[in-house]
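Student: I would like to go through this structure by question and answer. Please give the reasoning and end each answer on the value or name I ask for.

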Amino acid sequence: MVARKSETFDIVDEEDRVIGQAPRTLCHGDPSLVHRAAHVLLFDSRDRLLLQKRSMDKDVQPGRWDTSVGGHLDPGEDYLAAACREMAEELGVKGVALTRLYPSRIRNGFESENVVTFLARYDGRVEFARDEIDEVRFWSAEEIEEGLGGEIFTPNFEEEWVRWRQWNRIYATNARGRTALCAGDAFPDLFGELREKDPEG
């Protein structure tokens, strides 16, 4: 955990342009220091979502269930590279195609992050980083819905889940109810277009 706490992040403006750098210890606790993170939603063939239970040693939301993969970008790193790296480091999952879903912003009294979320499907072996994660398991949508608001999940994951449900309604598929995957590396940004038309939607 010492190495994690000594990390340095790129600091960005509201347009996601790099304007400087700052150590993790300052970024966590100062919402004026906007930094970048990548998330991955990892589904299995039964359309269940893998969640990770954060270690009790974490400095943010210890012991709560969180997004499949989530991590900060290294200085100079792009979102896709960070997502691949974090998926390998956190879950031991490599060589799985990632499809970009949507950008989002996390703003609260503790930190400010610009996030890009990716989608993947995987049924293989997971070997999670036990120094950062206490447990992983796949959750059905019904199980997640039942747990919302019950202090089981991190607030950031609950926000992510709402965004995912909104996005999934836009890209509904008739493939037996399964989550659609894109043939390319990103879906057309219909989600962003609708968000601009109806920011509260």
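**Rings, helix and cavity**

Tutor: The model is a predicted one. We can start with W167, which counts as buried because its relative accessibility is 0%.

Student: Which residue has its ring stacked with that of W167, and where do the two lie?

Tutor: W164 is buried as well, with a relative accessible area of 4%. The ring centres of W164 and W167 are 5.3 Å apart and the planes are at 20°, under the 30 degrees that counts as stacked. Residues three or four places apart in an α-helix point the same way, because a turn takes 3.6 residues. Three residues, about one turn, separate the two in helix α5, and the partner of W167 is W164.

Student: Which residues of α5 are buried?

Tutor: Helix α5 covers residues 155-170 and has 16 residues. The buried ones include both tryptophans just discussed, and the full set is N156, F157, E160, W161, R163, W164 and W167.

Student: How far does α5 reach from its first C-alpha to its last?

Tutor: At 1.5 Å a residue, the expected span is 22 Å. The model comes close to that value, with a reach of 23 Å.

Student: How many aromatic pairs does the structure hold, and what is the arrangement of F43 and W164?

Tutor: The structure holds six aromatic pairs. In the pair of F43 and W164, the ring centres are 5.1 Å apart and the planes are at 35°, so the arrangement is tilted.

Student: How many residues apart are F43 and W164 along the chain?

Tutor: F43 counts as buried because its relative accessibility is 3%. F43 belongs to strand β3 (residues 34-43) and W164 to helix α5, so that the pair links distant parts of the chain; the separation is 121 residues.

Student: Which residue has its charged end over the ring of W139?

Tutor: W139 is part of a cluster that ring pairs form with W65, F153, F157 and W161. One residue lies over the face of W65, at 6.0 Å from the ring centre. The same residue has its charged end 3.7 Å from the centre of the W139 ring, and that residue is R137.

Student: Is S140 buried or exposed?

Tutor: S140 is found in the loop between β9 (133-139) and α4 (141-147). Its C-alpha atom is 4.7 Å from that of R48, though 92 residues separate the two along the chain. The relative accessibility of S140 is 18%, and the cut-off is under 20%, so S140 counts as buried.

Student: How many disulfides does the structure hold?

Tutor: A disulfide is a covalent bond between the sulfur atoms of two cysteines. C27 is buried, with a relative accessible area of 0%, whereas C84 is partly exposed at 35%. The number of disulfides in the structure is zero.

Student: What is the volume of the largest cavity?

Tutor: Rolling a probe the size of a water molecule over the atoms shows where empty space is left. The structure holds two cavities of 30 Å³ or more. The largest has a volume of about 360 Å³.

Student: Which element gives the most to the lining of the largest cavity?

Tutor: The lining has 23 residues, of which R54, D66, G70, G71 and H72 lie nearest the centre of the cavity. Elements that give two or more residues are β3, β4 (49-54), β6 (69-72) and α3 (79-91). With three residues, the element that gives the most is β6.

Terms used. Residues numbered from 1 in each chain as written. Predicted model: local features only at pLDDT ≥ 70, side-chain atom pairs only at ≥ 80, totals over all residues. Heavy atoms only, no water. Helix = DSSP H or I, 4+ residues; strand = E, 2+ residues; numbered from the N terminus. Buried < 20%, exposed > 50% of the residue type's maximum accessible area, 1.4 Å probe, protein only. Expected span 1.5 Å × (residues − 1). Disulfide = S-S within 2.5 Å. Phe/Tyr/Trp six-rings, centres within 6.5 Å; stacked < 30°, edge-to-face > 60°. Lys NZ or Arg CZ within 6 Å of the ring centre and 35° of its normal. 1 Å grid on protein atoms, 1.4 Å probe; cavity = no way out; pocket = protein on both sides within 12 Å on 5 of 7 lines; lining within 4 Å. Points joined across faces, edges and corners; volume = space filled by probe spheres on them.
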